[in-house]
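Reader: I'd like a close look at one part of this protein, with its surroundings filled in afterwards. Could you walk me through it in plain words?

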Amino acid sequence: MGPGYGNGQGRGRGRGRRWGQQLENHGIRPTAGRELVFSVMRETEAHLSADDVFQEVRKIEPGIGLTTVYRSLELLYQNGLVNKFDFGDGRAVFELSDRYSEKGPHQHLICRSCGKILDLTGFRAEEKSFAEGMKNHVDKEYGFAAEGMAIKIYGLCSDCRKE
Ligand SMILES: [Zn+2]
Ligand SMILES: [Zn+2]
């Protein structure tokens with residue numbers, strides 16, 4: 001599956017140098033590599049591995065190293081600009097954080113056969129109240145202030161079920 005760019009905006013020369021201010025707002029010193037990596041993440045709706053990001057960044061800046069991409073992604077993750085997931089195959093997957101993504105908050109369905117990752121949005125009332133109950137539980141029993149919850153549902157996607 002390709003990175004799935006949603007639109008053609010911002011491609012071409014200078015494409016990577018548009019997000020410096022936003023990085024600075026998050027306390028990140030905007031180097032060319034970091035801006036490029038963030039630019040790739042901003043322009044896709046997909047869930048990308050570091051290697052996927054590396055392949056995209058290389059199309060714009062062939063000289064960039066994989067280590068730079070790894071470190072930049074890690075920095076963006078630590079500062080809340082991208083989400084990082086481990087969907088069980090030992091490979092970290094990144095996606096633009098909810099606050100910048102048009103997708104907004106969502107959960108994930110992971111197909112164990114083809115590896116496809118689907119976004120699950122739009123909770124029902126009973127699912128929302130389950131999440132609220134869980135937050136109350138960890139608050140009362142563990143004194144833990146829950147800020148979010150990540151749900152990963154494993155199984156077979158509709159395509160793989162047909163086979
Ligand atoms: Zn599948
Ligand atoms: Zn997602």
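Which residues in H2 meet which residues in H4?

Author: Happy to. Keep in mind that this is a predicted model.

On the H2 side, the residues that take part are Gly33, Arg34, Val37, Phe38 and Met41. Across from them, H4 brings in Thr68, Val69, Ser72, Leu73, Leu75 and Leu76. Sorted by class, the contact of H2 with H4 holds seven nonpolar, three polar and one charged residues.

Now for how the two helices sit. H2 covers residues 32–42 and H4 covers residues 66–78, and their axes come within 9 Å and cross at roughly 70°. Because of that angle, H2 counts as roughly perpendicular to H4. As for handedness, the crossing of H2 and H4 is right-handed.

Stay with H2 a little longer. This helix is mostly covered, with nine of its eleven residues buried. The buried set runs through Gly33, Arg34, Glu35, Leu36, Val37, Phe38, Ser39, Val40 and Met41. H4 is one of several elements that these buried residues pack against; the others are helix H1 (20–25), helix H3 (50–60), S2 and S3. To put that in context, 20% of the 163 residues of the protein count as buried.

H3 is a good next stop, since H4 meets that helix too. Their axes come within 9 Å and cross at roughly 120°. That angle makes H3 oblique to H4, and the crossing of H3 and H4 is right-handed. From H3 come Ala50, Val53, Phe54 and Val57, and they meet Leu66, Val69, Tyr70 and Leu73 in H4. The class count here is eight nonpolar, no polar and no charged. Two names should ring a bell: Val69 and Leu73 in H4 meet residues of H3, and Val69 and Leu73 are also on the list of H4 residues that meet H2.

What about S2 and S3, the strands that the buried residues of H2 pack against? They belong to an open sheet of three strands, in the order S1-S3-S2, with antiparallel pairing. Strand S1 (48–49) and strand S2 (82–86) stand at the edges with a single partner strand each, so one side of each has no neighbour in the sheet. S1 pairs with strand S3 (residues 92–96) in the antiparallel sense over two bridges. Within that pairing, Leu48 has Phe94 in S3 as its bridge partner.

The loop between S2 and S3 holds Phe87. This residue has 17 C-beta neighbours inside 10 Å, so Phe87 counts as partly exposed. Leaving out residues up to four places away in sequence, Phe87 touches Val93, Ile110, Ile117 and Lys152. Take Lys152: Phe87 and Lys152 are 65 residues apart in sequence, yet their C-alpha atoms are 7.8 Å apart in space.

Some of those contacts lead us to the other sheet. This one is also open, with three strands in the order S5-S4-S6, but the pairing is mixed. Its edge strands are strand S5 (117–120) and strand S6 (152–155), and each pairs on one side only. Neighbouring strands of this sheet are turned by 25° against each other on average, direction ignored.

Strand S4 (residues 107–111) pairs with S5 in the antiparallel sense over four bridges. Among the bridge partners, Ile110 goes with Ile117 in S5, and His108 goes with Asp119 in S5. The hairpin of S4 and S5 has five residues between the strands, and Gly115 in that hairpin takes a positive phi near 80°. S4 and S6, on the other hand, run parallel and are joined by four bridges. There, Ile110 stands opposite Tyr154 in S6. So far as Ile110 goes, then, the picture is a bridge to Ile117 in S5, a place opposite Tyr154 in S6 and a contact with Phe87.

Stepping back, the protein has six helices and six strands. Read along the sequence, they follow the pattern α-α-β-α-α-β-β-β-β-α-β-α. Among the contacts with a separation of 6 or more, 49% are between residues 24 or more positions apart.

Notes:
Residues are numbered from 1 along each chain as its sequence is written. Chains are lettered from A and ligands numbered from 1 in the order in which they are written. This is a predicted model: local features need pLDDT of at least 70, side-chain atom pairs count only at pLDDT 80 or more; totals for chains, interfaces and linings use all residues. Axes are lines fitted to C-alpha atoms, for helices over the stretch in contact, and angles run from 0 to 180 degrees between N-to-C directions. Angles under 35 degrees count as roughly parallel, over 145 as roughly antiparallel, 65 to 115 as roughly perpendicular and the rest as oblique. A crossing is left-handed if the near helix is turned anticlockwise from the far one by less than a right angle, and right-handed if clockwise. Two residues are in contact if their C-beta atoms, placed from the backbone, lie within 7 Å. Ala, Val, Leu, Ile, Met, Phe, Trp, Tyr, Cys and Pro count as nonpolar, Asp, Glu, Lys and Arg as charged, and the others, Gly among them, as polar. Two strands pair if DSSP finds at least two bridges between them. A residue is buried if 20 or more other C-beta atoms lie within 10 Å of its own, exposed if 12 or fewer, and partly exposed in between; C-beta atoms are placed from the backbone.
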